[in-house]
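The following exercises concern a two-chain model. Each consists of a task and a solution worked in steps.

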Amino acid sequence: MARFILTRLGQTLVTLALLTILIFVLARLTGDPTPLVLPSEATEADRAFFREQYGLDRPIHEQYVVFLRNVLHGDFGISFRYREPAFNLVLMAIGPTLQLAGVSMLVAVMLGLPLGIAAALRPGSWLAAAVRAYASFGQAVPTFWSGLMLIFLFAITLPLLPSSGYGEVENFVLPAVTLGFYASASVTMLTWANMTEALRSDFVQMERVLGIPRRLIVLKHALRNASLPIVTYLGLQFGLLLGGAVVTERVFAWPGVGQMLVDAILNRDYPVVQAAVMLTAVLVMTINLAVDLLYAVLDPRVSRS
Amino acid sequence: MERADSSGITTSTRPDAPAVLGRRAALLSGAAMALAAGAAPARAQSKPSLTVAVGTDLNTQDPCRVAGGNDYYFFANVFEGLYGPDEEGKPAPLLAESHTVSPDGLTYEFTLRPNARFHNGEPVTAEDVRFSWQRAVAPETRNPRASVLVANIADVEVLDERRCRVRLKKRDASFLDNCGEYWYIISKKHVEAAGENPFDRQPIGTGPFAFVERRTRSYIKLRGFDQHWGRVPAFGEVTLKIVPDDQSRVAQVQTGESDIVVNVPPVLAAPLQRLPNVQVIRAPSFQNVYIAINALNGHPGLRRADVRRALNMAVDKAALLRATMLGFAQPLELPCHTNIFGCDVQVTPYGYNPDRARQILREAGFDFNRPLRLLGQGTGRVPQARETLQGVAAFLNRIGVKTEINMLDYGAWISAYGAREKDPSVDMVFANFTDYNGDPSGRLLRQVRTGGTYSWYSNPEIDAMLDRMNDFASVEERQQFVRGLIARLHEEAPLIPLWTLDSIYGVSKRLSWKPTPNVSWPVLWNVRRAS
């Protein structure tokens, strides 16, 4: 087990090192930030000073060395736009994103698991057909549309919930349902397929013969065997939400890291781009590592291989 | 349950919200009130609150580091200059009570209002005026807009507590106009006491609203300043909520969560008008939308003024305005809107005349085989940018001119548009330009003077006129001169002017408000509860 963790950690560190080069070069490919940071009234001297102040006038390899040295000291530089440490800005944004991702995953599991199990238990029934329709709909509908529809239904037509914003418990409902609904479609289908498989397997048949209560068979033994792909999917989806819930964050004015990253790219705010990508990368890798470890717990064969 | 973020005048309730939430919110608001009562005068407590949804966060809280028009929804409410826009958008005395100008136009003597105060309660003194200039020009401040006004001040002399004398290096007829946006008065005591970046934590100004707190990318909270010299707001707490998405921002006023939403796009304004609880209020802005023609190094035909005039004739601007902007803009014939100083000149409009346009191009030997390459911006900063550019291209196609459209993101677009060396492979740029007040010099110098940041045109005769434009002591003489200049520019046609955007606001019917015209940001001190 220890060796398994160490190997995974080593791989993570190599990936991070490669990522610093990639993100550094990609950020600079977007172009010179000066015309976006300074107003049109700025003189040539102002522009030159700005480039000098942030070291943008130096050769790119020198800039990279400085960047790497600073990053190792935990310094991602000062945001061009906000003139605050980029790392602090990203830290402020990562909280709302983690919260939203967590609650959405919960919604996805709470919707997807029971629906998938129910459909697997009653193949060919009207319930299975309804679940199939639900899952197809969930996967087909883009989040910007479902988000706006939810606002229209539950904030405008029926004034039950705030249309956007962050800070109160009510604020979570619409964005979490938007994201959770989308993810729940895949969770449903995965649960359905894997449960069907598990229910057909020999050990379940055996347990039935032995007269073990059906509830116990389904929820304890079959579900555990069906859970590996679902956990994988949830891990991937969680990672995706950390940087990729841009549309939902924008629609609901959620001050998360995805929208911050897109704004930073459009504004050519290199320090924020770098800090946001690095931090989300670290988080995603941590989640992947956690998923791998969870595998090992769920299926002891994994750590042995 | 009451909506905590909504104004006191908003009474919409959510009867089915769980009781436990209601209790929690009540506890929280009770605590907040207890806290606020200690900090603010009791009078502010009785005033209702106001929530305004804006589209972008601030770049800075420092009045010497304003980066562009996006920041003015904050500065125009929290800071003031000696002069600034009145309710009609014309320059009027703000912190100054009165002023005199010397006959040569080089020396201004200002008398400050006796009751002008900073948000920390200190009176505004002549020494603060002098300090505000010194800080604005100090190299270490790195004021990116110092070149416009403050750099031309030779000296600010303190005559007594309330009087000061400002001497200019050279005559600048746009001085008072620019005071409102380029020279905010700040407190010397506050800046000296606060140390480095004094405005980051506590931006203290003199405006009708005082800063309370900010959460980056979420909201800015202000408080109505009851000790203001004259513009005392009717509201206590004001929340500027940052809602970037247009649809969601507009939803804010539909649900009553916000009382005012800014920057309503025309396509959303039309349906909003039909709602029972919302009014759509429009005010002319200073944001012009136009096509800059590359008369420097693009298609050789574009170097001829008659060709550029013909291109203006080829585009049916009125039809385009109806179709793409749904009428939510003012047609534009000249490089500046007629409400800009000196731009009220009578000219013969180009008119829509495609046959005449084609004929002129033929006579001029225009190369129809070489397509015109049009550069546009596609990230939604200008409403209907893509549709408008496609419309212009279609009109040009109609007279036989081939076109190629290249849409870029804002950053790439502004880099190309404002590049020092203009790209010869670009023939026209779809552009917008926001100016900050009713004086034409800033925009013209940047748009049409040789070497101007956004100028794709060069003409020594126009340059000479532009350089003389501010060198007048008499307003009448200057007006005549600017009119002549604008008429010449109309003949020269370095641009295809399209329209001036309206500032469009969605406003709760519970409010009455006349937005300051000619600015592109909400000036909130005169928002009142509808009677």
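**Exercise 1.** Determine whether B:D86 counts as buried, partly exposed or exposed.

*Solution.* The model is a predicted one, and the classification rests on a count of neighbours.
- Step 1. Locate the residue: B:D86 lies in the loop that joins β2 (83–85) to β3 (91–93) of chain B.
- Step 2. Count its neighbours: B:D86 has 13 C-beta neighbours inside 10 Å.
- Step 3. Apply the cut-offs: a buried residue needs 20 or more, and an exposed one has 12 or fewer.
- Step 4. Conclude: because its count is 13, B:D86 is partly exposed.
- Step 5. Add a distance: 27 Å separate the C-alpha atoms of B:D86 and B:D104, which are 18 residues apart along the chain.

**Exercise 2.** Classify B:R362 in the way used for B:D86, and state how far its C-alpha atom is from that of B:V307.

*Solution.*
- Step 1. B:R362 belongs to helix α12 (residues 354–363) of chain B.
- Step 2. Inside 10 Å there are 13 C-beta neighbours, so B:R362 is partly exposed.
- Step 3. B:V307 is 55 residues away along the chain, and the two C-alpha atoms are separated by 9.5 Å.

**Exercise 3.** Which residues of α11 (317–325) of chain B are buried, and on what part of the helix do they lie?

*Solution.*
- Step 1. The buried residues of α11(B) are B:K317, B:L320, B:L321, B:T324 and B:M325.
- Step 2. These residues lie on the same side of α11(B), because the arc they cover around the axis is only 100°.
- Step 3. The spacing has a general basis: an α-helix has 3.6 residues a turn, so residues three or four places apart point the same way.
- Step 4. On the face turned away from the buried side, α11(B) carries the exposed residues B:A318, B:A319 and B:R322.
- Step 5. The cover over the buried residues of α11(B) includes α9 (266–272), β13 (329–331), α13 (385–398) and β17 (495–508) of chain B.
- Step 6. After α11(B) comes B:L326, with a positive phi near 50°.

**Exercise 4.** How many residues of α5 (175–182) of chain B are buried, and which elements do they pack against?

*Solution.*
- Step 1. Eight of the eight residues of α5(B) are buried, and the helix is mostly covered.
- Step 2. Among them are B:F175, B:L176, B:C179 and B:Y182, as well as B:D177 and B:E181.
- Step 3. The buried residues of α5(B) pack against β2, β3 and β7 (163–168) of chain B.

**Exercise 5.** Describe the side of chain B that touches chain A, and identify the element that gives its largest share.

*Solution.*
- Step 1. The contact involves 40 residues of chain B and 39 residues of chain A.
- Step 2. On the chain B side, the elements giving two or more residues are β10 (237–242), α8 (246–255) and α14 (410–417).
- Step 3. α8(B) provides the largest share, six residues.
- Step 4. By type, the residues on this side of chain B are 12 nonpolar, 17 polar and 11 charged.
- Step 5. α8(B) is itself mostly covered, with eight of its 10 residues buried; these include B:R249, B:V250 and B:Q254.
- Step 6. The residue that follows α8(B) is B:G256, whose phi is positive, near 85°.

**Exercise 6.** Describe how α5 (86–121) and α12 (257–266) of chain A are arranged, and place A:V90 in its surroundings.

*Solution.*
- Step 1. Chain A contains 14 helices and zero strands, and 40% of its 305 residues are buried.
- Step 2. The axes of α5(A) and α12(A) come within 8 Å of each other and cross at roughly 140°.
- Step 3. The two helices are therefore oblique to each other.
- Step 4. α5(A) makes the contact through A:L89, A:V90, A:A93, A:I94 and A:T97, and α12(A) through A:V257, A:G258 and A:M260.
- Step 5. Six of these residues are nonpolar, two are polar and none is charged.
- Step 6. Leaving aside residues up to four places away in sequence, A:V90 touches A:V257, A:M260, A:V272, A:A275, A:A276 and A:L279.
- Step 7. A:V90 is also one of the residues with the most contacts inside the largest nonpolar core, which has 221 residues.

Conventions: Residues numbered from 1 in each chain as written. Chains lettered and ligands numbered in written order. Predicted model: local features only at pLDDT ≥ 70, side-chain atom pairs only at ≥ 80, totals over all residues. Contact = placed C-beta atoms within 7 Å. Helix = DSSP H or I, 4+ residues; strand = E, 2+ residues; numbered from the N terminus. Nonpolar A, V, L, I, M, F, W, Y, C, P; charged D, E, K, R; others polar. Arc of directions from axis to C-beta. Axes fitted to C-alpha atoms, helices over the stretch in contact; angles between N-to-C directions. Parallel < 35°, antiparallel > 145°, perpendicular 65-115°, else oblique. Core = buried A, V, L, I, M, F, W, Y, C linked by C-beta atoms within 7 Å.
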